Each structure stands twice: as structure tokens, then as C-alpha cells.
Amino acid sequence: MSSIRRNSRYAGIVVGLVASAVLLSSCAHIKKPARRAEVGLVYKWEVGKPLRYEMKSHTEQNMEMMGQGITNKSDSYIQFTLEPKKVNPDGSAEVVFRLDSISAQIQSPMGNMNPDLKSLTGKEAVFLLSSTGKVLRTISGAENFEYQIAQGMKTNMSQNFSRVLARVPGRPVQIGEKWVIRDTTTTTQSGLDIQVVVSRNEQAVAKEVVAKIPCLKVHGEGEMSMDGSGQNPMAGQMSFEGDGRLTGDYWFDTAHGRLVKNQAKFELEATVAIAGQQNMTMPMESVTTLTATLLTEK
Amino acid sequence: MNFHDPAPAWRVVRATLLAVLLGALPLQLPAQSTPWQTGFQSITARELYHHVAVLADDSMRGRNTPSPELEKAAAYISSQFSHDGLQPAPGLSSFYQLFPVVRTRLSSPNVVTFELPDTVLHCRLKQDFVPLQLSASGTVRARVVFVGYGISAPEFNYDDYAGIDVHGKIVLMFTHEPRERDSTDAFLGPKATEHSKNLIKMLTALDHGAVGMILVTDPLNHIARRPPNVWPSLMRRKLPGMKTPLRLVEEKSEALIGVHVSKRVGKWLLESAGADLAALQREIDSTLVPHSFPLPVTAELQVMVEGDTELVKNVVAYLPGSDPKQRDQVVIVGAHYDHIGTANDTVIYNGADDNASGTSGVLEIAQAFALNPARPKRSLLFICFAGEEKGLFGSRYYVHNPLFPLDSTVAMINLDMISRNDSNQVSVAGKNVSPELFNLVEEANTRVGLEVTTEAEKFFRQSDHYSFYRKRVPVLFFNTLEHPDLHKPTDDVNKIIPEKMQKISRLAYLVVWEVGNSSERPSFHEIGADSKTASGETGQGKQTKTSEKGGMP
């Protein structure tokens with residue numbers, strides 16, 4: 001029967017790409033070099049003071065296959081801990097990222113996909129993070145976060161989790177002050193090498209109290225573009241391009257140098273091209289909302 | 001893998017024995033109650049299973065259109081027709097009806113402009129417009145008419161074309177369908193109906209006389225601002241070896257130039273008439289009342305595509321009718337024999353149910369009529385279509401290049417997915433198209449004993465009978481509905497129910513027998529139209545708006 005129901009096997013691929021885009025786009029990269037500041041927007045890593053977070057995300061994705069639209073939805077929930085092990089004189093720190101719990105679900109017209117993620121619980125990786133929240137390099141353990149997202153397809157989420165932190169300017173700012181951040185990042189997802197370019201306009205909006213913690217609220221809006229290509233284990237040769245819009249707020253505890261809350265919305269219009277016998281060019285759009293919240297201080 | 005099929009020799013021997021035994025026995029029943037019996041009994045679960053096992057074998061690699069394996073499947077079907085003593089159709093020298101498909105790529109120039117009396121909007125390729133994959137090549141210039149979602153859906157009491165003349169016009173429409181995210185019954189709520197497909201929108205526009213088509217992404221439920229890119233050549237990163245989209249080489253009467261525009265352009269077009277893009281959609285969705293109107297805009301659409309043509313095969317067998325006065329009329333029994341190939345050249349989609357099962361049914365029914373001593377008065381055509389999964393390619397080609405005139409085609413019986421789900425249930429669509437035909441199903445079923453439902457009506461536009469319906473041929477669609485293995489690698493022969501296929505194939509055989517012998521032709525009615533014509537006539541149905549432009553081609 002002429003029925004457009006092939007999307008489900010590509011849902012995981014594209015959701016993975018979108019998730020990568022969302023988490024990468026929520027990062028900031030300062031134009032100016034980082035420098036230590038006693039106050040202001042800068043992370044103050046401290047050995048013996050781990051930070052525990054939860055993150056919820058929801059993505060709704062519409063794909064067009066042979067002129068018919070198909071909608072997929074995905075939800076994920078994770079809890080993780082960031083535990084500094086060593087702080088360097090320049091303010092950077094070796095930080096252990098530990099995944100405390102995770103669950104995810106993908107809904108498609110052809111049924112649900114539930115990636116097997118339980119094996120990732122308790123796994124750790126170590127990153128070198130700057131005082132602006134940037135991942136300078138992965139020190140160890142990235143291989144611990146590889147998982148199967150769909151039949152015959154694996155991906156690694158280590159890069160994504162480490163970038164949940166909002167990027168901050170790394171200097172004092174005043175209420176009402178604006179700045180522009182630009183970032184170019186290359187990541188590998190679902191077998192594709194993807195380059196993400198983000199340009200985000202941010203502004204320090206106000207001082208607000210969140211969960212009884214005095215914070216500085218920062219609002220950001222921006223655009224991003226993605227380009228990628230490579231060999232996906234399931235679909236074969238693929239090419240991906242997209243353009244998106246992002247908007248969001250984060251609340252930063254300037255006194256203790258820690259992220260308290262991060263909320264973002266990301267809209268992406270993209271095209272996925274698959275070579276081989278299937279030979280399809282599939283337009284898609286997705287909307288992702290993400291919230292990361294500081295839980296407790298251990 | 002070579003196919004050694006011992007079945008044909010066995011079938012001939014068995015049929016001969018049956019004929020001898022039957023001839024030696026005194027007739028217990030009146031002759032007219034058993035003229036179909038031999039053929040009926042020859043349809044067996046064992047042989048149906050065998051055909052599926054062959055067609056859905058891994059070596060067939062999913063029978064994609066086009067592919068060497070599709071050729072192999074065509075050869076198998078052809079050999080079965082030949083073994084059974086069937087003939088090529090008049091006008092063909094073999095069992096193959098060849099039709100062209102083309103891999104298209106964007107050529108140049110592609111230009112879209114919109115004109116108001118004092119303004120001209122020049123659109124940029126990719127940012128402002130993208131040619132549809134279905135678009136014909138050429139240039140069209142005409143006034144623009146907004147037609148809502150471009151849907152004619154009498155089953156939902158909704159018609160964007162009601163009361164508006166789009167002959168010779170370019171139609172502007174939203175993508176998708178009304179109340180896309182609404183959980184109410186209208187348009188089945190969040191589950192997309194066939195009306196949301198671009199192909200159906202295009203065919204509907206053609207049926208109403210439009211000469212061009214413009215899509216704009218509906219704003220309330222979709223965030224995309226740009227037109228979706230469907231051309232590999234417009235990607236920033238090109239894939240080596242990427243093939244271009246496959247399409248049917250349509251007849252000129254089925255060619256429509258179409259583009260998808262950005263929301264910015266869509267907004268501009270509607271503002272020319274004092275309307276708002278989002279407000280219009282909101283109004284249509286809230287009331288389910290179409291809001292179609294002409295715009296003061298002249299559009300010129302120039303789309304240039306070029307392509308490389310390949311030939312694909314419908315496999316057709318013919319059985320002449322027994323009555324000299326009626327043998328010029330034909331009943332068609334059809335099924336598509338293609339599926340969707342492989343993924344990454346490693347995962348094979350065997351398509352046992354979709355649609356090796358229906359193809360097997362056609363083979364067994366053809367054999368049944370060939371073996372049966374009595375022949376129907378009308379002639380029979382058995383057609384296995386290629387390219388169904390690509391957009392009803394084979395049947396769309398056939399209805400524009402029919403081997404029998406369409407006004408001599410009394411009925412078309414389509415088998416698509418007949419081997420899964422409840423072991424004693426079949427769904428038959430077409431009741432509202434031809435009540436007489438459907439009544440034959442119910443009468444014949446007294447000899448088979450299936451539970452017959454009409455759930456397949458919701459898939460009415462998704463298989464080959466729809467091509468015949470569009471040409472006003474009475475149709476029936478046999479289907480056993482969706483299942484979790486549909487269009488997955490797990491649609492394999494080990495999951496089919498051959499006994500169910502036997503019942504459905506025998507049911508279809510009996511229906512074809514009755515249609516082939518009836519003195520009256522079944523009537524045709526458009527979906528949603530009153531079942532009685534103004535004069536109470538039966539036959540090819542009443543005149544409607546779609547037929548005024550030319551009637552049967």
C-alpha cells in the first residue's frame with residue numbers, strides 16, 4: 001500500500017541530530033577572553049562542592065516524506081552531578097560528570113521507541129571546563145556514554161551532557177548590558193560530522209530569586225546553522241543541513257559562580273538527504289524546549 | 001537464486017483429474033450453480049503461500065521501483081501467467097506494459113514572480129520558493145486563487161473547491177489539513193489523512209482544472225518559515241552518488257507546475273487581498289467552512305526539471321470473454337507487486353503482506369479463471385502494477401494508456417495487503433462508489449464466510465484502485481488493514497496467514513465471476529455524492545463538476 005510510514009527508522013537519527021543542535025546552541029562563547037572576576041558571570045569551581053542538576057527536554061519534530069507530513073515526539077529526563085576534582089590557577093577545572101539517572105521516549109506514528117539507557121546510569125566522564133563553562137577538552141570516560149538509539153544505530157551523548165551548562169561572559173556585567181556570543185563547534189552524532197554555528201544576542205535582564213537563591217537573569221535570542229554529512233550505520237550516506245532560531249533565559253548565582261536554571265526553546269528547519277536505494281531528501285522542522293535546574297548542593 | 005516451480009505441472013494434473021471426476025459424476029446441482037466451482041477450488045492456501053515465499057524472498061531485495069529485482073519479480077509473474085495459459089493483452093506482444101519513470105534534477109532557470117498592478121515580487125530560489133518534487137517542467141502564467149487546504153473531502157463534508165472556479169488558474173493552498181492537532185473527529189484528528197498528501201492535493205487541483213499550484217506551510221501548526229528543500233542539488237553539502245527523485249512521466253493532462261513558497265511570500269500574497277495567513281487558517285480550522293477566494297495577483301511559475309528515463313513494467317494477462325456481445329467489456333483484477341527495497345543495502349524490506357500477498361491473490365485468481373471450464377461473458381485483465389509505493393505510478397500510467405477503453409472497463413478489483421490481522425476478517429472499500437459491486441461481495445461471502453468490514457475506506461486513496469476511481473471506473477478495494485510490520489523489515493512470509501488469503505482470493509474470484517457475467521453494469525458514484533442519480537440511472541454515474549471539463553479521457 002502506498003503509505004508513508006518509513007519515518008520511524010529515521011526518527012532516532014534525526015532526533016539525535018536535533019538534540020545535538022539544541023544542546024550545542026544553548027552554549028555561549030564569549031568574544032572576549034576569559035578572566036577571573038570576584039563577581040559577575042563566571043563559574044567558580046570548588047573541589048568538594050559538587051553540583052547536582054536535572055534536565056527535562058521535549059522535542060516535536062515534523063518530517064516530510066514524499067509529500068506527506070509525519071510527526072514524532074520525544075521526551076527525556078536526566079539527573080547528573082558535576083564534581084570538580086582539581087581547579088587550575090586560570091579558573092578552569094577538571095570536573096567529573098556523573099549520570100545519576102536517565103530516561104527517554106520517542107513517539108512516532110508507527111509506535112514508540114525506548115532507547116535502552118539504563119546501562120548509562122552511574123557512568124562518569126571527566127572534562128576540563130573553563131570558568132566560562134566551555135568544555136576545553138575531554139580528559140577521560142567519553143566512551144562510557146555510547147548507547148543504541150535505534151536498531152543498528154549507536155550514538156554517544158557525552159558531548160551533549162557536558163555542554164548543558166550555559167556559557168557565560170566570564171566578567172562582571174551590569175543590568176541592561178548586552179553582548180554577542182558566537183560559537184562554532186564540530187561534533188559527531190549518528191555517524192555524521194556536524195558543524196554548528198551559533199550567534200546569540202544576550203542581555204543581563206534583572207536580579208531574581210530562584211529556589212531561594214539570588215540570581216542574575218540573562219535573556220538570549222539568536223540563530224544557528226548546522227551542516228553535516230557522513231555515514232550513518234543504519235541509513236547509509238547522509239547529509240544534513242539546518243537553520244534555527246533559539247531563545248531562552250538562564251539564572252546564574254553570581255555569588256557562588258554556579259548555574260541555577262537554564263530554559264531554552266529551539267526551532268530548527270532542516271533537510272536530511274539519504275543516498276543509496278532509499279534515496280530521499282526529507283525536509284523537517286522541530287521545536288525543542290529544555291529546562292535544566294540545580295537540585296541540591298551535596 | 002533460480003526459482004524451480006513444480007506447482008504449474010501439479011496444478012494441470014490436478015485440474016485434469018478434477019475435470020475427469022466431475023465429468024464422471026451425475027450432476028447433483030443445477031449447472032448454473034457450479035460453473036465457477038473448478039476455479040474456486042483451485043485457489044489454495046498452499047499455492048498462495050508459495051507465491052508469497054518467492055516474491056518476498058530476500059533475493060528479491062524488497063522489489064524496489066526500479067531495480068533488477070523488480071524485473072525478476074515481473075519475470076516470475078509473467079511466467080506464471082504463461083504457465084496458466086493466459087494471453088498477453090490485445091496490443092501487447094508480451095505480458096509487459098512498459099511505462100517510463102524519470103529521475104529528475106533541477107535544471108535552470110527556475111523563476112517565480114508575483115504581480116500586482118503596481119508591484120512585482122521576485123522570489124529567490126530556496127529562500128522564497130522551491131519547486132515541488134511532483135512539479136512538471138515548463139512555464140505557466142495565471143491569476144491566483146486561494147483554496148484553503150486544497151482539499152475535496154466529501155466524507156468529512158468539506159470541499160475547498162466548492163463554489164469557486166479554478167479553471168485555468170494557479171491555486172494557492174496550505175499544506176497539511178484542517179485541525180491537524182485537534183483530537184476531534186474532523187479529519188481524524190492528529191493522524192494525517194490522505195488528503196494531507198501533496199500528491200492528492202495536486203491531483204485534486206488537476207481534477208478541478210487548475211494549471212499551477214502553490215503551497216505555503218500552514219502557520220498555526222508548523223514553525224518552518226522557508227519552503228522545504230526536496231532537491232539534493234540545493235543542499236549545501238552534496239552527497240556523491242545521490243540520486244534524484246523518481247517520478248512518473250505524466251501525461252500532459254496530469255502535469256501541473258507547482259512550487260512551495262515561504263511564509264513571507266504566502267503572507268504577502270494573502271495581504272494583497274486584505275487577508276491574513278494565520279487568521280485565515282484559524283477561521284477555517286475553527287469553523288471547518290472553506291474560505292476560498294481569488295487574489296488580485298498574477299503569478300508566473302517557471303520550473304525546469306530534466307531527467308533520465310527508465311522503463312518499468314506492469315505485468316498484464318488477458319482472458320477473452322465468452323460472449324461475443326460482451327467480450328469487448330473488461331473486468332480488471334489488480335495488485336501492486338513492488339515494495340520499498342532495502343535500507344543501506346543491508347536491511348531488506350520483503351513486503352510479504354505489502355504486497356506479495358495481493359499479487360499472489362491475482363495470480364491464483366487468474367489461474368482459477370484459466371482452469372475453470374466456463375468463462376465469464378466479459379473479458380478479464382489481470383494486472384500487477386509496478387511503482388505503487390512511489391505514488392501509484394503503474395496504475396496512473398495504465399489509466400492514461402488503457403489496454404481496453406476505460407468506458408468499457410466495467411469494474412476494477414484491487415487486492416492490497418490481504419494476509420494479516422484477524423484470521424477471518426477482510427475490509428472492503430468502495431461501497432459508496434458502487435453499491436451494486438459491494439452487494440456482490442456480501443452475496444459471494446455467503447459461500448466463503450468471512451467477516452467483511454468497511455474500515456479500508458479510510459485508505460481509499462492510497463492504492464491503485466484510486467487511479468481507476470479518478471477515471472470514474474467502479475472499484476472495490478480488498479485490504480486487511482495495518483499492522484506493526486507495515487513498511488518494516490519484519491513484514492515477512494512467516495507472518496502471513498495463507499488460509500485467510502485463500503478465503504479472500506476466493507471471495508474476490510466469485511465477485512469477478514458475477515461482475516463478468518452480469519447483464520447490468522455496476523454504477524459509479526463519487527464519494528459523498530447522492531447514491532441515486534437524478535434520473536435513477538445506473539451505469540457510469542451522473543455528470544459532476546469534475547467531469548464537465550472533459551469527461552472520460
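Two strands pair if DSSP finds at least two bridges between them. Helices (H or I, at least four residues) and strands (E, at least two) are DSSP runs, numbered from the N terminus.

This is a predicted model: local features need pLDDT of at least 70, side-chain atom pairs count only at pLDDT 80 or more, and totals for chains, interfaces and linings use all residues. Residues are numbered from 1 along each chain as its sequence is written, chains are lettered from A and ligands numbered from 1 in the order in which they are written, and side-chain values use heavy atoms, leaving out hydrogens and water.

**Exercise 1. Find the neighbours of strand E9 (residues 212-216) of chain B, and explain why E9(B) is largely enclosed.**

Step 1. Start with strand E8 (residues 170-174) of chain B. It pairs with E9(B) in the parallel sense, over five bridges. Ile170(B) has Gly212(B) as its bridge partner in E9(B).

Step 2. Turn to strand E11 (residues 257-261) of chain B. Five bridges join it to E9(B), and the two run parallel. Here Gly212(B) stands opposite Ile257(B).

Step 3. Check burial. Buried means under 20% relative accessible area, exposed over 50%, and partly exposed in between (1.4 Å probe, protein chains only). Five of the five residues of E9(B) are buried, so the strand is largely enclosed by the rest of the structure.

Step 4. Sort the residues by face. In a regular strand the side chains alternate between the two faces of the sheet. Gly212(B), Ile214(B) and Val216(B) are buried on one side of E9(B), Met213(B) and Leu215(B) on the other.

**Exercise 2. Place strand E19 (residues 425-429) of chain B among its partners.**

Step 1. Find the sheet. Nine strands of chain B form an open sheet in the order E10-E1-E13-E17-E14-E18-E21-E19-E20, with mixed pairing. The edge strands are E10 (246-248) and E20 of chain B, each pairing on one side only. From one strand to the next, the twist averages 25°. Axes are lines fitted to C-alpha atoms, for helices over the stretch in contact, and angles run from 0 to 180 degrees between N-to-C directions.

Step 2. Take the parallel partner. Three bridges join E19(B) to E20 (residues 451-453) of chain B. Ser427(B) has Thr453(B) as its bridge partner there. The chain passes from E19(B) through helix H10 (residues 435-444) of chain B to E20(B), in a right-handed β-α-β crossover. Right-handed means that, with the strands pointing away from the viewer, the path from the first strand over the helix to the second runs clockwise.

Step 3. Take the antiparallel partner. E21 (residues 475-479) of chain B pairs with E19(B) over three bridges. In E21(B), Asn479(B) is the bridge partner of Ser427(B). Val428(B) stands opposite Phe478(B).

Step 4. Count the burial. Four of the five residues of E19(B) are buried, so E19(B) is largely enclosed by the rest of the structure.

**Exercise 3. Is Ser322(B) buried, partly exposed or exposed, and what does Ser322(B) contact?**

Step 1. Locate Ser322(B). It lies in the loop between strand E13 (305-319) and strand E14 (330-336) of chain B.

Step 2. Classify it. Its relative accessible area is 38%, so Ser322(B) is partly exposed.

Step 3. List the contacts, meaning heavy atoms within 4.5 Å. Leaving aside neighbours within four places in sequence, Ser322(B) is in contact with Arg327(B), Arg375(B), Pro376(B) and Lys377(B).
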